[in-house]
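Ready for a little practice in reading a protein structure? Work through the three exercises below, and try each task yourself before you look at its solution.

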Amino acid sequence: MVIDISQFNETYLEEATEHLGALETGLLELEKTGEGDLNAIFRAAHSIKGGAGTFGFMKIANFTHNLEGVLDKAREGELPITPPLSAILLQAVDVLREMIDAARSGEEVDDDCGVEVSKELNSYLVGEASDNGKQEVSTADSSDGIRCVNISFKPSPHLLQTGSDPLNIFRELSSLGNINVTIDKSGLPSLKEFNPESLYYSWQIALETEVGLDDIKDVFLFVEDDADIEYQEVNSGERKQVEEILELTPLANRRDDEDRRQGDRRQASTQKETAPKETAFIRVETGKVDQLINLVGELVTTGAMVSQHSQELEKDGNDSLHKVVAEMSHHTRNMQEAIMAIRMMPVSFVFNRFPRMVRDTATKLGKNVELITEGENTELDKTVIERIVDPLTHLVRNSVDHGIEMPDEREESGKPAIATVALSASYQGGNVIIKITDDGKGLNRETILAKAIDKGMANADDNYSDEDVWQFIFEPGFSTAVEVTDVSGRGVGMDVVRRNIQSLGGTIRIESIAGEGSTFTISLPLTLAILDGMAIDLSGVTYIIPILNIIESTRPTKDTVRTMRNNLEVMDFRGEYLPFVRLKDIFLLPSETPIEQGIAIIVEAENQQFALFIDDLLGERQVVIKSIEQNYKMVEGISGATILGDGSVSLILDLAAIMRKATREGLLNKGVSPDKIQGINQKEKVNHVQQ
Amino acid sequence: MSKTILTVDDSASIRQMVGFTLKQSGFTVVEAEDGAKGLVAAQKQPVDLVITDLNMPNMNGLELISKLRELPAFKFTPILMLTTESDDSKKMAGKEAGATGWIVKPFNPEQLLKVISRVLPS
């Protein structure tokens, strides 16, 4: 795992600017009044330096080193801040400001920047070693083969009370080679004098290792002041003895030696298999993997082109070329899957954080909740995993906070006192389904509807299905919690949850039964690089619609599509009126396909259904997504592009954006659909009956 | 269950970087921005390891370490302090206050995790 900390550079530079301000103010104050908080001034410089080194701004770190030294002396009272020194310190502030500004804009400062000031500061430090290069040089003996060391380790009785644990030391030593630990219990006092918090043991450790003595001593770094430690290196003449102690043959021959399993091993002998295990994992920069995914995507696309051409070439019944090409495509697909798998991570990465969270939240609320997780090994793309953490956290917390009742309430309604929240993941086609189920009180239809009406999101006269009502909780600014608890937020959550999931190409659905509990079902694509799409034709151009958005397609007739009074069209789809949007109007394309010769695709975006009218369906395609934004610029209504089998480029439609664009341009009236239309529909039905 | 680490540092960037590194490595992280807040945060949930800066306003790191060591729950808990290379005297003062070990600034995520693995068995 590569941990990239450059994302914190900006925070550091902001913070450094703040510290710099404090430093400057402090110095000015000191100059003006002769008094000031030298500790605070020192701390500001110290913080700038500490962060600079960590985040890789070496010039800032080096420069601040002397500044910090001078200020340290000043606060210890060893160096009075005279007017000339004060002037230099303020110059140093200016130099630092220049360096920080340069770092922010990604520029390099001149090498001689601050050199003069630094020299002057240094002159106040003379006598003190300006010890930038104090790091110990590792001794040359670190790579001269196998060494045997006897270590005598006698910790002081209070060692445990500094948080140290000898077991950790033995564990780390055993990672360096073969060790044999012999315990000496002779220091154990009589029961009367025995203090259970003290350590009375000492140890003899025989270590056979390839690392240098310095590395061995390093293991004891934290305890060397709290223990007597002696190291005795055994030369090759004495090696035999150590081998006897270890009851091992030298590392080099170990694997051939079958007898080593025989003979009595002493207690606590930790034998670490030193055969190279590092090959189990390789660290690879994610950029390299992404490049590979991209390239194999191209290969798949080119493969599809070859396949199409070979079919055309061999129309006369000879299909040998086509067979080979099909075989090749098969391999390419397998390769693509294998490469995609590199980016896959098990959802346990996310799930693992929940047991603790559920426990803490439940305890805080005085509830008793058991968390059950299932399907932790289900794998998802790394990016999807990372971006699903927040929405899932929110949903699980909501379940515990709002879904689960208090224990006495549960008992009254005859439920087990311990509530259950279940988190499961599973594959379903090209998607991963994550479910959060609780056995709490379920969503309250009346409260939600009342709130929605109150907020002007719903109409009191309309009939809403449960499904429709649940959708309101995803609206921005909606919160049903009567009191805002410090566990669940302030109604800023569910709309963000839905938006985050949608930005991953996923959907979220709610099922809830009053008194029995709720289930939130999230469907996510396995990866963000490949999309299952439906190729459609409009004015001779091929577009791709994500399958995830499509509910079904149908051929409209003149009878099913009607124009309403406001000139908007609606389509009667199984007795329900849906907004009818012509894609050609959105993209301003000249298509004259009559209603009965085109296709209406019933799509859903942002939980809104509508019929999208196009010329023709061309069939399902699995496409590799290419970013338009990165190569051109953002285009409204288009989420990306792909290359089709014949080499032509096809645009992938972003239906949520298309819906927004249509609403804005007056081609789709979001406010009166589909529920309002449903209302019209019912009135019409009434009329029909009356007639 | 993942182990909980309390990080105390007045520098947001260091806190974020340490927090990010630890979370990436599967730890649960509790953050506090100075010693006084650290002492309060330490008692809100079980903590498996404390990492604290030394130079902080409102109770410095040394004071925090000795106050923590007085609490029964922190008698044997490993406590690491963040210190700079030149601060040898600080290391000694820290050990006296009850620190288990130190992490030398500047440090990178790998160095941080290495020192943690030394005092906190996985």
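## Exercise 1: two strands and a helix

In this predicted model, strand β1 (residues 4-8) and strand β2 (residues 28-32) of chain B are joined by 5 bridges and run parallel.

**Task.** Find the bridge partner of B:V8 in β2(B), and state the handedness of the β-α-β unit that β1(B) and β2(B) make with helix α1 (residues 12-24) of chain B.

**Solution.**
1. Start at B:V8 and look across to β2(B): its bridge partner there is B:A32.
2. Now follow the chain from β1(B) through α1(B) to β2(B): this β-α-β unit is right-handed.

## Exercise 2: a pair of helices

**Task.** Describe how helix α9 (residues 286-313) and helix α10 (residues 320-342) of chain A pack.

**Solution.**
1. Two packed helices are described by an angle and a distance, both taken between their axes.
2. For α9(A) and α10(A), the angle is about 165° and the axes are 9 Å apart.
3. Angles over 145 degrees count as roughly antiparallel, so α9(A) and α10(A) are roughly antiparallel to each other.
4. Finally, the crossing of α9(A) and α10(A) is left-handed.

## Exercise 3: a glycine in a loop

**Task.** Locate A:G598, then decide: is A:G598 buried or exposed?

**Solution.**
1. A:G598 sits in the loop between α18 (583-587) and β19 (599-605) of chain A.
2. Buried means under 20% relative accessible area; A:G598 has 0% relative accessibility, so A:G598 is buried.
3. Beyond neighbours within four places in sequence, the contacts of A:G598 include A:R555, A:P556 and A:F613.
4. A:D537 is 61 residues from A:G598 in sequence, while their C-alpha atoms are 9.8 Å apart in space.

Notes. Residues are numbered from 1 along each chain as its sequence is written. Chains are lettered from A and ligands numbered from 1 in the order in which they are written. This is a predicted model: local features need pLDDT of at least 70, side-chain atom pairs count only at pLDDT 80 or more; totals for chains, interfaces and linings use all residues. Side-chain values use heavy atoms; hydrogens and water are left out. Two strands pair if DSSP finds at least two bridges between them. Helices (H or I, at least four residues) and strands (E, at least two) are DSSP runs, numbered from the N terminus. A crossover is right-handed if, with the strands pointing away from the viewer, the path from the first strand over the helix to the second runs clockwise. Buried means under 20% relative accessible area, exposed over 50%, partly exposed in between (1.4 Å probe, protein chains only). Contact means heavy atoms within 4.5 Å. Axes are lines fitted to C-alpha atoms, for helices over the stretch in contact, and angles run from 0 to 180 degrees between N-to-C directions. Angles under 35 degrees count as roughly parallel, over 145 as roughly antiparallel, 65 to 115 as roughly perpendicular and the rest as oblique. A crossing is left-handed if the near helix is turned anticlockwise from the far one by less than a right angle, and right-handed if clockwise.
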